[in-house]
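Student: I would like a close look at one part of this model, the aromatic residues and the core they sit in. Could you walk me through that part and then move on to its surroundings?

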Amino acid sequence: DDQGEVSAVPQLFDVEYLAPVEIGTPPQTLNLNFDTGSSDLWVFSSETPERQQGGQKLFRIEDSTTARRLDNHTWTITYGDGSRSAGNVYTDTVSVGGVTVFGQAVESATSVSASFTHDAASSGLLGLAFDSINQVRPNKQKTFISNALDSLEYPVFTANLKKAEPGNYNFGFIDPTEFTGPLSFIPINATSGFWQFPASGFSISQPGNASFANSTAGMFVPIAHTAIADTGTTLLLLPAALVQAYYAQLPGAKTSASEGGWVFPCKATPPDLVLHIGTYRAVIPGELVRFAPVDTDDFETATVCYGGVQTANGLPFAIYGDVFFKAQFTVFDVEGERLGFAPK
Ligand SMILES: CN(C)c1ccc(C(=O)NN)cc1
């Protein structure tokens with residue numbers, strides 16, 4: 001009964017988290033973006049055109065004695081931000097934190113869009129959403145977690161991301177030292193292929209300040225929305241009405257066309273955002289909302305900061321990305337089709 005743990009290392013300004021994955025024989029270790037918002041394991045490889053490479057470590061297919069071409073299969077994927085990749089399919093041995101899958105579909109990129117080329121640290125993605133949205137054709141392939149499930153002690157994996165320091169993903173077990181208080185479980189709707197769940201709205205809590213009925217400080221604002229849990233998205237993307245009501249409580253907050261979203265004075269301390277998910281109250285500390293400096297390279301000198309909460313413009317659902325997972329320990333219960341949350 002297997003279990004494994006891998007470190008999740010934040011890239012600059014926590015824009016993404018990379019974890020080591022061993023592929024092939026002898027094992028080649030590549031740092032991949034673990035992505036609960038997609039279901040393809042794809043890598044920069046010896047088949048990726050040099051002009052589309054940006055310094056990434058490559059999976060050298062010809063160096064793996066256990067790599068087998070999956071004949072007449074290809075893949076192509078477009079992510080929510082419009083970035084794309086596509087290529088050929090192999091099967092090979094893949095290990096994550098000591099959990100090994102034989103015959104895992106490893107998707108080799110023969111084409112990637114600019115945003116992947118310019119992401120030098122990431123050698124690809126490891127999808128952790130449901131098999132139904134895998135993009136290999138003519139026959140869909142299974143994700144690493146789907147293939148590993150029967151060998152795991154418990155059919156779960158957990159995300160424990162942190163601000164500006166390594167966190168971790170665990171496979172097959174729940175580590176009680178990684179969170180405080182009881183876990184709160186909610187059912188997810190997997191028919192979309194995502195880790196999708198309903199949220200009922202938000203309230204604001206100013207630690208220490210009494211919450212006054214006539215302001216939204218402390219009052220519940222019922223803006224119900226459907227959300228997906230997506231470790232491959234950097235920020236917390238919420239309905240525009242909710243985002244407006246939240247930033248209305250932050251003096252100087254405004255939308256900036258040039259910065260492409262909500263910004264506010266770095267000297268301001270954003271209020272904590274409390275997201276209501278069933279009976280669970282997910283507290284997002286204001287310091288996580290102060291996401292990145294805009295006018296300089298560090299928080300100490302910057303005057304304008306970019307918000308970790310932005311609008312999920314035009315998307316059919318809200319996206320609870322890494323800003324959420326920095327505040328909440330999360331259990332992805334694959335068999336139970338549930339998500340478990342706890343403070344940490
Ligand atoms: C361009 N890159 C690195 C991306 C990585 C992940 C995603 C995504 O939507 N994951 N759910 C988009 C883009």
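Tutor: Happy to; we start with the core and its rings, then turn to the ligand, two further buried residues and some backbone details.

This is a predicted model, in which local features need pLDDT of at least 70 and side-chain atom pairs count only at pLDDT 80 or more, while totals for chains, interfaces and linings use all residues. Residues are numbered from 1 along each chain as its sequence is written, and side-chain values use heavy atoms, with hydrogens and water left out.

Let us begin with the core. A nonpolar core is a set of buried Ala, Val, Leu, Ile, Met, Phe, Trp, Tyr and Cys residues joined through side-chain atoms within 4.5 Å. Buried stands for under 20% relative accessible area, exposed for over 50%, and partly exposed for anything in between, using a 1.4 Å probe and protein chains only. The largest such core holds 91 residues, and Phe 34, Phe 171 and Tyr 320 have the most contacts inside it. Its largest share, five residues, is contributed by helix H3 (residues 240–247). Helices (H or I, at least four residues) and strands (E, at least two) are DSSP runs, numbered from the N terminus. Apart from this core lies another, of 13 residues, including Trp 75, Ile 77, Val 89 and Ala 109.

Phe 34 deserves a longer stop. Contact here means heavy atoms within 4.5 Å. Leaving aside neighbours within four places in sequence, Phe 34 touches Val 6, Tyr 17, Ala 19, Val 21, Val 96, Leu 126, Leu 128, Tyr 169, Phe 171, Thr 231 and Gly 232.

Now to the rings themselves. Rings of Phe, Tyr and Trp (its six-membered ring) pair if their centres lie within 6.5 Å; planes under 30 degrees apart count as stacked, over 60 as edge-to-face and the rest as tilted. By this rule there are 24 aromatic pairs. In one of them, the centres of Phe 34 and Tyr 169 are 5.2 Å apart with the planes at 25°, so this pair is stacked. Because Phe 34 belongs to strand S3 (residues 28–35) and Tyr 169 to strand S11 (residues 167–171), the pair ties together parts that are 135 residues apart in sequence. Both Phe 34 and Tyr 169 are buried.

Phe 157 and Trp 195 meet in another way: their ring centres are 6.0 Å apart and their planes are at 85°, so this pair is edge-to-face. It links distant parts of the chain, 38 residues apart, with Phe 157 in strand S10 (residues 156–160) and Trp 195 in the loop between strand S12 (184–187) and strand S13 (196–199). Phe 157 and Trp 195 are both buried.

A charge also sits over a ring: Arg 338 lies over the face of Phe 185, 3.8 Å from the ring centre. The rule asks for NZ of Lys or CZ of Arg within 6 Å of the ring centre and within 35 degrees of the ring normal.

Next comes the ligand. It is surrounded by 14 residues, the closest being Asp 35, Asp 81, Ser 83, Phe 116 and Asp 230; a residue counts here if one of its heavy atoms lies within 4 Å. A polar side-chain atom of Asp 35 is 2.9 Å from a nitrogen atom of the ligand, and a polar side-chain atom of Asp 230 is also 2.9 Å from a ligand nitrogen atom. Gly 232, listed above as a contact of Phe 34, has a backbone N or O atom 3.5 Å from a nitrogen atom of the ligand.

Two further residues are worth a visit. Asn 170 lies in strand S11 and, at 0% relative accessibility, counts as buried. Its side chain makes a polar contact of 2.8 Å with that of Glu 178; a polar contact is a pair of N or O atoms within 3.5 Å, and within protein one must be able to donate a hydrogen and the other to accept it, with residues adjacent in sequence counting only if both atoms are side-chain atoms. Among the residues that Asn 170 contacts is Phe 157. Val 136, in strand S9, is likewise buried at 0% relative accessibility, and its contacts include Trp 75 and Val 89.

Finally, the backbone. The peptide bond from Thr 25 to Pro 26 is cis, with omega near -15°, and a cis bond with omega of about 5° joins Arg 137 and Pro 138.
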